[in-house]
Number of protein chains: 4
Amino acid sequence: MAGAVKMSLAEVTEFLEREFPQGFARDRGRRIEAVGPGTARVRQLATDEHLRPGGTVSGPTMMALCDATIYVAILAAVGPVALAVTTNLSINFLKKPAPGDLIADCRMLKLGKRLAVGEVAVRSAEAAEDDLVAHCVATYSIPPDR
Amino acid sequence: MAGAVKMSLAEVTEFLEREFPQGFARDRGRRIEAVGPGTARVRQLATDEHLRPGGTVSGPTMMALCDATIYVAILAAVGPVALAVTTNLSINFLKKPAPGDLIADCRMLKLGKRLAVGEVAVRSAEAAEDDLVAHCVATYSIPPDR
Amino acid sequence: MAGAVKMSLAEVTEFLEREFPQGFARDRGRRIEAVGPGTARVRQLATDEHLRPGGTVSGPTMMALCDATIYVAILAAVGPVALAVTTNLSINFLKKPAPGDLIADCRMLKLGKRLAVGEVAVRSAEAAEDDLVAHCVATYSIPPDR
Amino acid sequence: MAGAVKMSLAEVTEFLEREFPQGFARDRGRRIEAVGPGTARVRQLATDEHLRPGGTVSGPTMMALCDATIYVAILAAVGPVALAVTTNLSINFLKKPAPGDLIADCRMLKLGKRLAVGEVAVRSAEAAEDDLVAHCVATYSIPPDR
């Protein structure tokens, strides 16, 4: 997964706020923190909307976070492909997150012409230890006519 | 997966609106339509919040819908277990949904003492044909001290 | 998933014995029992090679059985595509199989131009009850130049 | 996943050859190369039995390899638990392996009282580059009465 990025952090952020305001508008509580060659980091701010009993981020919020983080990594790697779509997503919830923000780190496992596969590790932002809260692997289909 | 349900449609609905207002409050656009022995049907109302470019329900909304529908089926089968948690969820997105509501049908594949596994088929409510929009399999961990 | 099959049971069997003797030679203990529009049934004969302590078919044997059963269903639906390859396979092991043969039933969830997705239900052949032993969903990539 | 191992490489190897000769007998072409705290490395020797057209290791062989590698990592971490069973396995096949041996590296993502989750990266042993051939995540259920 070597190679330079095709979109910078600022370019990816601007693209997503414009094209997918539902998922990436600033008030949705998600912030892209870094992109690199085949990598991306996205922070999920803990907000009331996503809390479960106990004050932790909900499972569906983590699934959406993982899906979005892989999309960010694909965008950074291949450029603005608005029509890439998730075809498969598998997630394991490993431990209850601590209250507070979550950090999702994506690493692309494959960036092919037709399919891209990435894995995402989710951690509590505040936790001292490095244990994962969730781990996700997802496949995106890349449109053929780029 | 034979056997009677332990909670009726009305009981499950009331329980979820009270315990998980974030996921099942009436204004979230989700409605439990039926429960049976090892089965559940939940409707996702198409609302602006969940739209993507093109006017269709988003992938994360479908993931949350599937997760919730399995939880409904577990509740109906084993009674009010607020602490059952998703440990694994795998979803395939099969075709772009038509604009409009979605219907999720869950069938439990296993209802064990420690683990419950269910599958969910998601269809467009309005579609004439029967093609699936998405298909999901998820595992819930059941707390040991019921 | 309507439509006629493009290869009959006899044609699929002959094709696989010729092209994939490693997986489908008669002495491998697998037998194709039926194909239909978007469906296939394959029997795994219980042989010593696949036993685990306790005399039941092993997990890896069930994974291979599910993978093969979906391939059979794809072949029957689209014709002899030797180069279709599995891209993703997810399986849940639901209960210990009873000693004896296993029956795998595949139903295609999607048969697209580029991707095909199928689910497989595995049961003990001899069991009186209908409980699943395993449940699998897998995606095959179809070569573009058919 | 810190902590010392409870079984050494020699102890795990001896245990598996004795308890699971079907999967780990020397002539099966699998060799445990290393174990560590929450990690394991297993080599799949390329033998005729596992070849596909083209001379590469088959998909089912890779699935069995991943399953076995996670089991090795669990054994090393928790000691001889013959009854730990796979409950879920999800694998992505990323590229056709080069002819020759495969190396599977497992890292445990969770080692809980009831569930253990591990991920496995599979590479071609001879390949100059570091690209993954396959990536797998699987869950094992640990018997409660250890």
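1. Let's start in the middle of the A/B contact: A:N92 sits opposite B:N88, which belongs to strand 3 of chain B. That pair is part of a strand-to-strand match across the two chains. Strand 3 of chain A and strand 3 of chain B (residues 85-93) run antiparallel to each other, with five bridges between them. Bear in mind that all of this comes from a predicted model.

2. How many residues of chain A are in contact with chain B? There are 18, and they meet 18 residues of chain B. Two elements of chain A, helix 3 (59-78) and strand 3 (85-93), each put at least two residues into the side that touches chain B. Strand 3 of chain A has the largest share of that side, with nine residues. As for chemistry, the side of chain A facing chain B splits into eight nonpolar, eight polar and two charged residues.

3. On symmetry, chain A goes onto chain B by a rotation of 180° with 0.0 Å of shift along the axis, and the RMSD is 0.0 Å. The two copies are therefore related as by a two-fold rotation axis. Both copies use the same surface, since 100% of the contact residues of chain A recur in chain B. If you want to find the axis in the viewer, go to A:S90: of the residues of chain A, its C-alpha comes closest to the axis, at 2.0 Å.

4. Chain B has a contact with chain D as well. Here six residues of chain D are in contact with six residues of chain B. Which element of chain D gives the largest share of that side? Strand 3 of chain D (residues 85-93) does, with three residues. By class, the side of chain D that touches chain B has one nonpolar residue, four polar ones and one charged one.

5. A few words on the fold of a single chain, taking chain A. Its secondary structure consists of three helices and six strands. Reading from the N terminus, the order is α-α-β-β-α-β-β-β-β. Chain A has 146 residues, of which 47% count as buried. Looking at contacts in chain A between residues at least 6 apart in sequence, 68% link residues at least 24 apart.

6. To pull the A/B points together: the strand 3 pairing is antiparallel, strand 3 of chain A also brings the largest share of the side touching chain B, and the relation between the two copies is like that of a two-fold rotation axis.

Definitions and conventions. Residues numbered from 1 in each chain as written. Chains lettered and ligands numbered in written order. Predicted model: local features only at pLDDT ≥ 70, side-chain atom pairs only at ≥ 80, totals over all residues. Contact = placed C-beta atoms within 7 Å. Helix = DSSP H or I, 4+ residues; strand = E, 2+ residues; numbered from the N terminus. Nonpolar A, V, L, I, M, F, W, Y, C, P; charged D, E, K, R; others polar. Pairing = 2+ DSSP bridges. Buried ≥ 20, exposed ≤ 12 C-beta atoms within 10 Å, placed from the backbone. Least-squares fit on C-alpha atoms with pLDDT ≥ 70 in both.
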